[in-house]
Structures are given as C-alpha cells and as structure tokens.
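Reader: I am new to reading protein structures, and I would like to understand how the words used for one are justified. Could you take me through it with the structure in view?

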Amino acid sequence: MTSAKNVLGQELKVCCKSPMTGFYRNGRCETGPQDQGVHIVCAEVTAKFLAFSKERGNDLSTPIPMYNFPGLKPGDCWCLCASRWKEALEAGFAPPINLEATHEAMLDYFPLEVLKEHSLDLKSSF
C-alpha cells in the first residue's frame, strides 16, 4: 500500500490521523479489494455536506463508540467514498478535497480538471 499515488501522480499523502481515517484506518485514502465503498476522496467535511450525507442515510456526525468512531464535525478531514462525493457534487454539497491525499483511482470517476475546481488549495497552480 505504500506505493499508492494521488491524482497528481505523486505519492499519496496522509489525509487525516485525528480523527483516524481511511478504509484501513491508517490516515490515508488507500483502497483495495476489500474496500467495496472505494474510500478514496480526502475531503474536508462541511456542515452542509454532513447534513446532506445524514439525509441520504449515512450519518457521519454521530459518534459510534463501539466502532471507535468519534463522529465528524465541520473542518474534519475524512476519506469519503467516491460515489458519495459524486452524489454530493451533483446535489451541490460536495466538500472541498485535498488533491495530494486523494487516491489516483478518483481519476476513473472525474477528470483532474473537475477535481482541481474543488481543491482545498484553490490558489494553487498545478
């Protein structure tokens, strides 16, 4: 898993370790055969996105202690499922993403230009 690349073709960076994210709970948006949800988008969640996700049946803001899940709050970073981010984008609630920590498999869903439009670092010149 250490050779994973991001959407920019570079080494996949850590998304977040507090709260610990990633399908493998290693802080990175890595994926593999067991990851049926394809948790590859490193997003900084917003209040609007959390409300949208909860409305769609995926409550990311309520803690679930038995799974050591603290619940997310606006500003937290989290590895989202590609399909959830796509659904949020189409509904106008897509949270911004960290391109350096978003897995290159996301390019199977969107061209890099679209991802750049939703980058956390909007001032950056890639």
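Author: What follows is a conversation about disulfides, one helix and the cores. This is a predicted model, in which local features need pLDDT of at least 70 and side-chain atom pairs count only at pLDDT 80 or more, while totals for chains, interfaces and linings use all residues. Residues are numbered from 1 along each chain as its sequence is written, and side-chain values use heavy atoms, with hydrogens and water left out.

Reader: What makes Cys-15 and Cys-42 a disulfide?

Author: A disulfide is here a pair of cysteine sulfur atoms within 2.5 Å. The sulfur atoms of Cys-15 and Cys-42 are 2.1 Å apart, and the pair therefore meets that definition. With 85° about the S-S bond, this link is right-handed. Cys-15 lies in the segment before S1 and Cys-42 in strand S1, so the disulfide ties together parts that are 27 residues apart in sequence. Strands, like helices, are DSSP runs numbered from the N terminus (E, at least two residues, for strands; H or I, at least four, for helices).

Reader: How many disulfides are there by this rule, and why is the one of Cys-29 and Cys-79 called left-handed?

Author: The count comes to two disulfides. In the pair of Cys-29 and Cys-79 the sulfur atoms are also 2.1 Å apart, and the torsion about the S-S bond is about -90°, so this disulfide is left-handed. Cys-29 is in the segment before S1 and Cys-79 in strand S2, 50 residues apart. Counting bonded cysteines along the chain, the disulfides follow the pattern 1-3, 2-4.

Reader: How do you know that Cys-16 has no bond to Cys-77?

Author: The closest cysteine sulfur to that of Cys-16 is in Cys-77, at 5.5 Å, which is too far for a bond. Cys-77 is in no disulfide either, the nearest cysteine sulfur, that of Cys-42, being 5.0 Å away.

Reader: Why is Cys-77 called buried?

Author: Buried means under 20% relative accessible area, exposed means over 50%, and partly exposed lies in between (1.4 Å probe, protein chains only). Cys-77 has 16% relative accessibility and therefore counts as buried. Cys-16, at 12%, counts as buried too, as do Cys-29 at 0% and Cys-79 at 2%.

Reader: Why can one say that the buried residues of H1 line one face of the helix?

Author: In helix H1, residues 47-55, the buried residues are Phe-49, Leu-50, Phe-52 and Ser-53. Seen down the axis of H1, these residues fall within an arc of 160° (taken from the directions from the helix axis to the C-beta atoms), so they line one face. An α-helix has 3.6 residues a turn, so residues three or four places apart point the same way. The face of H1 turned away from the buried side carries the exposed residues Lys-48 and Glu-55.

Reader: Against what do the buried residues of H1 pack, and what makes a nonpolar core?

Author: They pack against strand S2 (77-81) and helix H2 (82-91). A nonpolar core is a set of buried Ala, Val, Leu, Ile, Met, Phe, Trp, Tyr and Cys residues joined through side-chain atoms within 4.5 Å. The largest such core has 22 residues, and Phe-49, Leu-80, Trp-85, Met-106 and Leu-115 have the most contacts inside it. Strand S1, H1, S2 and H2 are the elements that give two or more residues to this core. Apart from it lies another core, of seven residues, among them Cys-16, Cys-42, Cys-77 and Cys-79.

How values were computed
Contact means heavy atoms within 4.5 Å.
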